[in-house]
Amino acid sequence: MTTAGPVDLDADDWTIELPTVADTERLGAALAERLEAGDLVVLSGPLGAGKTALARGIGAGLQVDGPVTSPTFVIARVHRGQRVPLVHVDAYRLGGVEDLDALDLDTDLADAVVVVEWGEGLVERLADQHLLVRLERRDDESRIANGRWRERTA
Ligand SMILES: Nc1ncnc2c1ncn2[C@@H]1O[C@H](COP(=O)(O)OP(=O)(O)OP(=O)(O)O)[C@@H](O)[C@H]1O
Ligand SMILES: [Mg+2]
C-alpha cells in the first residue's frame with residue numbers, strides 16, 4: 001500500500017506510511033491537535049508496532065509533563081500539562097472496561113484525552129465515539145497506520 005501526497009487526518013478513514021519512529025511521533029502530535037477532553041483513542045497492533053511511540057507523540061502534542069513510556073507495569077498513567085491531561089492506558093492485561101473503572105484514576109475520563117494500547121474490543125464503551133488507530137509492522141522498520149473514527153457499537 002502506498003500513500004501519495006499529504007494525508008488528510010480529518011478524513012473519516014485515513015492511512016499513512018510511517019518510515020521512522022519520528023514519523024510515528026509526528027503523527028501522534030498531529031492527531032493531538034484534533035483531540036479534546038473526553039476523546040478516546042484506541043491503539044491496536046502487534047508487539048512493537050509503535051503504539052507507545054504514537055502515544056508519546058500525542059503526549060507531546062498535548063504538551064503534557066513527564067515522559068510517556070510504556071505503562072505495561074502500571075496499566076495506566078495520568079500526564080498533566082498545558083492543555084488537556086493525557087490518560088495513557090495499557091490494556092494488555094486488562095480484562096475489560098469494568099477494570100478501567102476500577103483503576104480509580106485520579107482524573108475524570110471526560111476531562112482527559114484517553115489513549116489505550118491493546119484496547120480494541122475492550123474499551124470502546126467508554127465514549128460515544130473513538131478514534132481507532134491500527135498500526136502494522138512491515139518487513140523494514142516502517143509502519144502503516146490506519147485511523148478511523150467509530151461510533152460506539154454497544
Ligand atoms: N516507523 C516506526 N514507528 C514506530 N516505531 C518504530 C518505527 N520504526 C522503528 N520503530 C521502533 O519500534 C519500537 C516500537 O516500540 P513501541 O513501544 O512504540 O511499540 P508498542 O506497539 O507500544 O509495543 P508493545 O506492544 O510492547 O506495547 C521502538 O523501539 C521504535 O523505535
Ligand atoms: Mg507499548
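This is a short walk through a metal site, a helix pair and a few loop residues in one structure.

Okay, quick one today. Keep in mind that what you see is a predicted model.

Let me start with the metal. Which residues coordinate the magnesium ion, ligand 2? There are two to look at: Thr52 through OG1 and Glu117 through OE, at 2.1 Å. These two come from distant parts of the chain, 65 residues apart. Thr52 belongs to helix H2, residues 51-61, while Glu117 is in strand S5, residues 113-117.

Are those two residues buried or exposed? Thr52 has a relative accessible area of 17%, and Glu117 has 3%. The cut-off for buried is under 20%, so both residues fall into that class.

Now stay on H2 for a minute. The helix is mostly covered, with eight of its eleven residues buried. Those are Lys51, Thr52, Ala53, Leu54, Ala55, Gly57, Ile58 and Gly59, so you can spot the magnesium-binding Thr52 in that list. What do the buried residues of H2 pack against? Helix H1 is one partner, and the strands are S2 (40-44), S4 (86-90), S5 and S6. S5, you'll recall, is the strand that holds Glu117.

Let's take the H1 partner in detail. H1 covers residues 21-32, and its axis comes within 6 Å of the H2 axis. The two axes cross at roughly 45°. The oblique class takes angles that are neither roughly parallel, roughly antiparallel nor roughly perpendicular, which is why H1 and H2 count as oblique to each other. As for handedness, the crossing is right-handed.

Who touches whom there? From H1 you have Val21, Thr24, Glu25, Leu27, Gly28, Ala29 and Ala32. They meet Ala53, Leu54, Arg56, Gly57, Ile58 and Gly61 of H2. Sorted by type, the residues in this contact are seven nonpolar, four polar and two charged. If you want to follow the pattern on screen, an α-helix has 3.6 residues a turn, so residues three or four places apart point the same way.

Next, the backbone. Just after H2 comes Gln63, with a positive phi of about 55°, and this is a residue other than glycine. Gln63 lies in the loop between H2 and strand S3, which is 76-79. Its relative accessible area is 43%, making it partly exposed. Setting aside residues up to four places away in sequence, Gln63 touches Gly81 and Gln82. Its C-alpha is 9.4 Å from that of Ala32, and the two are 31 residues apart along the chain. Ala32 is one of the H1 residues from the helix contact.

Where does Trp118 sit? You'll find Trp118 in the loop between S5 and S6, the latter being 129-137. Trp118 isn't a glycine either, but it has a positive phi of about 60°. At 27% relative accessible area, Trp118 is partly exposed.

Last stop, Leu109. This leucine is in the loop between helix H3, 97-102, and S5. Leu109 counts as partly exposed, at 22% relative accessibility; buried would need under 20%. What is Leu109 in contact with, leaving aside neighbours within four places in sequence? The partners are Gly38, Val87, Val114 and Leu126. And for a distance to check on your own screen, the C-alpha atoms of Leu109 and Pro85 are separated by 9.4 Å, with their positions 24 residues apart along the chain.

That's my tour, thanks.

Definitions and conventions. Residues are numbered from 1 along each chain as its sequence is written. Chains are lettered from A and ligands numbered from 1 in the order in which they are written. This is a predicted model: local features need pLDDT of at least 70, side-chain atom pairs count only at pLDDT 80 or more; totals for chains, interfaces and linings use all residues. Side-chain values use heavy atoms; hydrogens and water are left out. Donors are N, O and S atoms within 2.8 Å of the metal (3.2 Å for Na, K and Ca); water is not among the atoms, so sites may look incomplete. Helices (H or I, at least four residues) and strands (E, at least two) are DSSP runs, numbered from the N terminus. Buried means under 20% relative accessible area, exposed over 50%, partly exposed in between (1.4 Å probe, protein chains only). Contact means heavy atoms within 4.5 Å. Axes are lines fitted to C-alpha atoms, for helices over the stretch in contact, and angles run from 0 to 180 degrees between N-to-C directions. Angles under 35 degrees count as roughly parallel, over 145 as roughly antiparallel, 65 to 115 as roughly perpendicular and the rest as oblique. A crossing is left-handed if the near helix is turned anticlockwise from the far one by less than a right angle, and right-handed if clockwise. Ala, Val, Leu, Ile, Met, Phe, Trp, Tyr, Cys and Pro count as nonpolar, Asp, Glu, Lys and Arg as charged, and the others, Gly among them, as polar.
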